[in-house]
Amino acid sequence: MAEKLLDLQSVSMSFGGLKVIDELDLHVDEGEIVSVIGPNGAGKTTLFNLVTGVYVPTGGDIVFAGSSIKGLEPHQITRRGIARTFQTLRLFLNMSVRENVMAAAYGHTKAGVFRAMLRTPGMRREEKEIRELAEKRLAFFGDRLMGYRWDQPAYSLSYANRRRLEIARATATNPRMLLLDEPAAGMNPKETQEITELIAKLRTDAGYTILVIEHDMHVVEGISDRVVALDHGVKIAEGTFEQVATSPRVVEAYLGTGGMARK
Amino acid sequence: MGGYDDELTRPLEGALEASTSEGPTSPAVGRDEWVARHGDNRSRRGGLLGTVEDRLRRVPWWAWLTLFVTAAALVPVFSDSGYVRRVAFDISLYMLLALGLNVVVGWGGLLDLGYVAFYGIGAYAYALVSSDHYGVHLPTIVAIPAVVVLGAVVGFLVGLPSRRLTGDYLAIITLFFLQLFLTVTTNGDDLFGHNVTGGANGILNVDPLSFFGRALPVSSGGGVFNVKYLYVSLVFFVVVYVALRFVNLSRTGRAWRSLREDPLAAEVMGMPVNWLKLMSFAFGASIAALTGTLVSSLNASVFPLSFSFPLLITIYTMVILGGAGSQGGVVLGAVLVGVLLEVLRDPGDSRVLFYSVIVLGLVAALRLSVRLAAVLGGLLVFGVVAHWIAGSIHHGWVNGSGGSGGQVADFMANWVVVPSHLAGWVTPVSYVSLVAMALVLTLLRGWVRLVVLVPVLYLAAFVWENVMLAKPEPTRYIVLGVLLIALMILRPSGLLGEKRVEII
């Protein structure tokens, strides 16, 4: 059995009286691709917000690479090696495509303002490295995010390319683990196929461990080593895609207990 | 406007071809390059103006900076008037202050309403270590860096409790800090029994700047402003400008831009947002403090009221007018507002300025068209007729003097109704009805608007000649306010500010 990279130990989260995540146990092994599915409002995005430190869990503990990350600031967690994308795209729209990716290198670079003012050789070397890193990350997407459009503002990109840019930006933080929040949302079937292959490639070529929220079952089936189904903040099923897809509780969560079930 | 049509259709044709031929190199609908290029074509001006604009855009920033600073340094060559030189120095201080505020407001995205307090702290700190007040006379090359560091530290400390506060809360806290600064300095002659700041009388006999043991006298004989201070200030300006430009090009600058775009995304992408905000706050404060040393050494004195709300508003106007976030923009804003405030002091100059702005505004809005001729001609006739009617009713209605000033003033005296004695009710009524009619004007469309525009403009001239010119001090700030409102309608991002897309 591979080592657990991310381990949520009976994590709870409530907003006032509303329990959004209820004593959830979830782990992702090194090099694994795990999908989280569930109906709207099941707590999937809240789960991402807990792992990345946007929210601090009201109960339980989150362990990443052997140490607890509970209560750390989001940027500290990113430095430990977790990067994410957003379901509602949150690019730096008025910055260029390249700058969006370069900005994400902040956490693992170190030239301070005084070195920047003097443009010391070390600072310039680092800038060059950041630039090369950004170009490498963008080149990962083949001709989809190539060349000329690196200097365009991010707002000029199409929806699908904004999703790709979000992934490129996340990888520029040099993470060990990627959290992808609905990477295929709003994409046409061809693009969905592409993103499925891309996620697989992110693991095989770049070696990321991936936790992904996805509604498109073709994508989930195509990429997942393991699927976790959530409903009302509780894990209702876990296992291979087939196991989860045929689980009566999952079917019930998605379709409700109407007509047929009642007989 | 033929060029516009061409540009609109050309890419479309290309796109149609591409969608049928499926060539890998041809542009296509839905492909990002094509969309972007198309957007570029549409936003770019055609014709000569567009070419000029393109060329100007390609001039590198350091060339602009060199050109600008050379021009500023040549001011004393072209004018030996102490007044002009002193104004140039004051404007160079405004430029420094605007650059500093730009870091906080434009880059950090923080609303710092206590900014001039840091300017004051710099001035007072320099005065305290370079005067007989405590008998401390530090050499300038020690005093200035020390004051800059102090400014950064104080800025950091003020920002610290408010680092989680954003927007309105931060604005209130910094505003309070400015008020605190004013209260402490004004009452600082008896602070726990010690005379710290000299109170309302300030600190006098502050040392001039001195470099390597040679003092730089503040006046070069006869009480005339010593132009060397202008050069020192310009050197500071260049250093600050270049340093900030380099910071903006570094990872810190990128992080500032990111957090202004989306603080949550920036934080999750590994940027310590709170720390970065504090840093921009401290940066702005240290630049303000640096500027404070200049003003305090040149004036040889500091008083609490030099660092008050009118100055704060003026600097904000410069930054917003020029375009928050753009270094060149805020410098342009500082120069424009600084010059404007000086020009408006003199009735003759301000009259010329007022009418040229009206005519230029009409030209810009109506272009060179029949409508422009109609409005200008109508205005001229309207004025002559109104003047004639008023004059034939009572001679005293038109024989008032609008003050001195060349041909423009003479013409206006025969065109605008200027009574020799103004009844008490005229001022408020004409002023309020001008504002009301200007608002009505925004609701009208088409030719009705043009017809109403004529009496409104005439009323504006009437108010200007009778009301505004009589009171130059409030007029300066009213003009500034009108200018800001007009700019925010026409160009919300400021003169040189980047056009920003919010959510699409």
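Two strands are taken as paired if DSSP finds at least two bridges between them; strands (E, at least two residues) and helices (H or I, at least four) are DSSP runs numbered from the N terminus. The model is predicted, so local features need pLDDT of at least 70 and side-chain atom pairs count only at pLDDT 80 or more, while totals for chains, interfaces and linings use all residues. Residues are numbered from 1 along each chain as its sequence is written, chains are lettered from A in the order in which they are written, and side-chain values use heavy atoms, without hydrogens and water.

Chain A holds an open sheet of six strands with mixed pairing, in the order β6-β7-β8-β3-β9-β10. At its edges stand β6 (82-84) and β10 (234-239), each with a single partner strand, so one side of each has no neighbour in the sheet. β9 (226-231) and β10 of chain A pair in the antiparallel sense over five bridges, and L230(A) has K235(A) as its bridge partner.

Two helices lie across the sheet strands (contact: heavy atoms within 4.5 Å). Angles run from 0 to 180 degrees between N-to-C directions of axes fitted to C-alpha atoms, for helices over the stretch in contact.

| Helix | Strands crossed | Angle |
|---|---|---|
| α7(A), 189-204 | β3, β7, β8 of chain A | about 155° to β8(A) |
| α10(A), 248-255 | β3, β9, β10 of chain A | about 130° to β10(A) |

The contact between the chains takes 44 residues from chain A and 36 from chain B. Three salt bridges (Lys or Arg side-chain nitrogen within 4 Å of an Asp or Glu carboxyl oxygen) are counted between chain B and chain A. R257(B) and E99(A) form a salt bridge through their side chains, at 2.4 Å, N to O.
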